[in-house]
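Here are a few short exercises to work through with the model open beside you. Try each task before you read its solution.

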Amino acid sequence: MAALLSIEAIHTAYGLSKVLFGITADIHQGECVCLLGRNGVGKSTTMRSIMGLTVPSQGKIVWKGEDITGWAPHRIARAGIGFVPEDRRVFAELSVWENLDIAARAARRPGPWTIEALFDLFPQLAAIQSRMGGFLSGGEQQMLTIARTLMTNPDLLLLDEPSEGLAPLVVDMLLEKIGDLKKGGLTILLAEQGLAFSLALADRVYVLEKGEVRYTGPSSALRDDKDLADRLLAL
Amino acid sequence: MAAEFLFSQFLSGLTTAIFLFLVASGLSLVFGVLRVLNFAHGTFYMLGAYLAWQTMAWLAPTKEGFWLAALAAATGIAILGFVVERLMFRHLYGKEELYQLLFTYALVLILGDAAKILWGTGQLSVSRPPSVEGSLSVFGALLPGYNLFVMVLGFAIAIGFWVILQRTSAGRMIRAAAMDREMLGSLGANVGVLYTGVFVVSSFLAGLSGALVSPIKAIVPGMDVEIIVEAFIVVVIGGLGSFWGTFLGALIYGQVLSFGILIFPRFSIFSVFALMAVILIVRPWGLLGRPLK
C-alpha cells in the first residue's frame, strides 16, 4: 500500500543554518508515527517542512501521491494536513468558540468534526467557550489548539510536542484523548522528547539526531529493549 | 454668545476629527494586520481628492454628480491599492522596517510627482453638492449641512467597521491574521488574499476621505504629507493598530487643534505636537494601544 505521506530525503535550513540533512520517513493511513528525539534535532523543522512553513531546499514531500513541496501552507491545510504547533499559538484575543469557528471557515473542509463534536471530546472547552484564548491555562490551550486543528477535518494530524510544559495529570488526560483519536482512525504524526508518551501512542518511531534519522522501527522494539532505548536517547 | 462660540469650535474640531479618523483608521488597520506602516496612505487620500475633482470636471453640469465622483474616486483608489499591494507591497511583509519605510516613502514621491504632472501645482476646488448646501443651527452654532453629512457618514463607517471586525467571520479572520499570520495560514486561510482585501479597504477609505474633503479644502500638492503627519499623530495618541484608539485619537486631535487655536492662535499645531510628545513619554504605545512584544 502506498504511504499517505512520504518525506523523501528532505534538507531544510533556516537561512544559512541547516537543520535537516536528508530526512526520509513515511506514514500510512491509520498509523500513529512518532518522531522521537531531544530538543533541536529537527522534529519541529520536519513538521514545518511538511506544512510548507519552511520549504525544504532538497527532497520532496509527497501527500496522497502528489508532490506538495513548495505549496503554500493554506493549500496544504486544505489538502488535509492539520498542524498543531509546539507553542500552541491559540489566538489570544479571540474566544475559545471563535478560535474554533475561524478554523472551520479557514480550511473549508466539512467533515465529522464540528464544534459540538469537539465539545463532546473536550467537555472542559464547552464550559469556557466564551473565554479569551489568552486567559486559558496551558492544558486548556493545548486542548483548544488540538480541537482547533481538528475543526479543519484533517486526514493527517501533525502533533508537535503536545505534552510539553504540562502537569502530569493533564498529560495523562491528553494521552487518553489522543488515544481516542487514533482509535477513531485518525492518522497521526507525533513529535516527542519523552519516551513514555510516545511509546504509549505510536505504532512506529523514527529517532532523530542532528537532522538525520538515526533509527527507525516499531515502538515495541524500543519498549522491549531498554538498552536500545537508552543508547538512542540518553546521549 | 461665549457658549455658542465654544460649541461652534467643538463642532469644527469634530469635523476635523471625523476626516482624520477615516484616514487614520485605514493606516492603523494596515499596520495592525499587515505590519507595514504605509507612508503612502496620505498620498492615496490626496489622489482621491484629485480623482473626485477630475470626475466632477467630466460630469461638469450636474453638481449632484459629486456623490458619484466621490464614489468613483474611492473606487479608483481602491483599484490603485489592489495593484500596489499585488505587485509591490507583498514583497515588504516581514522585511525590516527600514525597507518598508523607504519603499512607501518612494511611493509618496513617485505618486506625488505623477499628480503634479497630471493636475499641475495650482489649487483646485470642488463645490459642495446643492443637496447639502444649507446650514443647520445647533445650539446657536452654525453647522454646514455638508459637514453634518460627513459626520454622520464618519460615525456610521466607524460603527460599521467595528461591527465587521467584532461580529463577522471575515472580521475575526482579520483579527486572527493580525495576531498570528502563520498559524492562520496553517489552518487553511489564504492570508495573501486577506491581506489584499484589507489593503484595498484601507485604500478605499483613504480615497473616499480625500474625495469628501475636497468641497471643504483646496486640493493642492503637499496635502498628502500634511494628512499623513496628522494621521500619524492620531495613531500615536490613540495607539497604533487599535480601532477605538484611532477613533479616540482623532477626537482628541480635533478638539486640541480647535481649542488650541484659541490659546495659541499662531501655534495651533504646536498644542497637538506637545500632546503627542507627552503621550510618547508617558505611554509610548498610545492611549488604547498595547506595548509591542
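**Exercise 1.** Find how many residues each chain gives to the contact between chain A and chain B, and describe the side that belongs to chain A.

*Solution.* Start with the count: 23 residues of chain A and 17 residues of chain B take part in the contact in this predicted model. Next, look for the elements of chain A that contribute two or more residues to its side, which are α2 (73-78) and α3 (96-107). The greatest share comes from α3(A), with 7 residues. Finally, sort the side of chain A that touches chain B by class: 13 residues are nonpolar, 2 are polar and 8 are charged. As for the prediction of the complex, the predictor gives an ipTM of 0.93 and a pTM of 0.90.

**Exercise 2.** Work out the strand order of the open sheet in chain A, and say which strands stand at the edges.

*Solution.* Trace the 4 strands across the sheet: the order is β2-β1-β4-β5, with antiparallel pairing. Now look at the ends of that order. Both β2 (17-27) and β5 (66-67) of chain A have a single partner strand, so each is left with one side that has no neighbour in the sheet. To inspect one pairing, take strand β4 (residues 58-63) of chain A, which is joined to β5(A) by 2 bridges in the antiparallel sense. Across from A:Asp67 in β5(A) you will find A:Val62.

**Exercise 3.** Describe the overall build of chain B, and decide whether its radius of gyration agrees with or departs from that of a compact globule.

*Solution.* First check the confidence: chain B has a mean pLDDT of 91, and 99% of its residues reach 70 or more. Then count its elements, which come to 11 helices and 2 strands. In sequence order they run α-α-α-α-β-β-α-α-α-α-α-α-α. For the size, a compact globule of 293 residues would have a radius of gyration near 19 Å, and chain B agrees because its own value is 19 Å. The C-alpha trace of chain B spans about 60 × 50 × 35 Å along its principal axes, and 46% of the 293 residues count as buried.

**Exercise 4.** Compare the length of helix α5 of chain B with the expected span, then find what covers its buried residues.

*Solution.* Helix α5 (residues 145-167) of chain B holds 23 residues and reaches 32 Å from first to last C-alpha, close to the 33 Å expected. Its buried residues are B:Tyr146, B:Asn147, B:Val150, B:Gly154 and B:Phe161. The cover over them includes α1 (2-34), β2 (141-144) and α8 (191-213) of chain B.

Note on methods: Residues are numbered from 1 along each chain as its sequence is written. Chains are lettered from A and ligands numbered from 1 in the order in which they are written. This is a predicted model: local features need pLDDT of at least 70, side-chain atom pairs count only at pLDDT 80 or more; totals for chains, interfaces and linings use all residues. pLDDT is the predictor's confidence in each residue, from 0 to 100. The radius of gyration is taken over C-alpha atoms; the globule rule is 2.2 Å times the number of residues to the power 0.38. A residue is buried if 20 or more other C-beta atoms lie within 10 Å of its own, exposed if 12 or fewer, and partly exposed in between; C-beta atoms are placed from the backbone. The expected span of a helix is 1.5 Å times one less than its number of residues. Two residues are in contact if their C-beta atoms, placed from the backbone, lie within 7 Å. Ala, Val, Leu, Ile, Met, Phe, Trp, Tyr, Cys and Pro count as nonpolar, Asp, Glu, Lys and Arg as charged, and the others, Gly among them, as polar. Two strands pair if DSSP finds at least two bridges between them.
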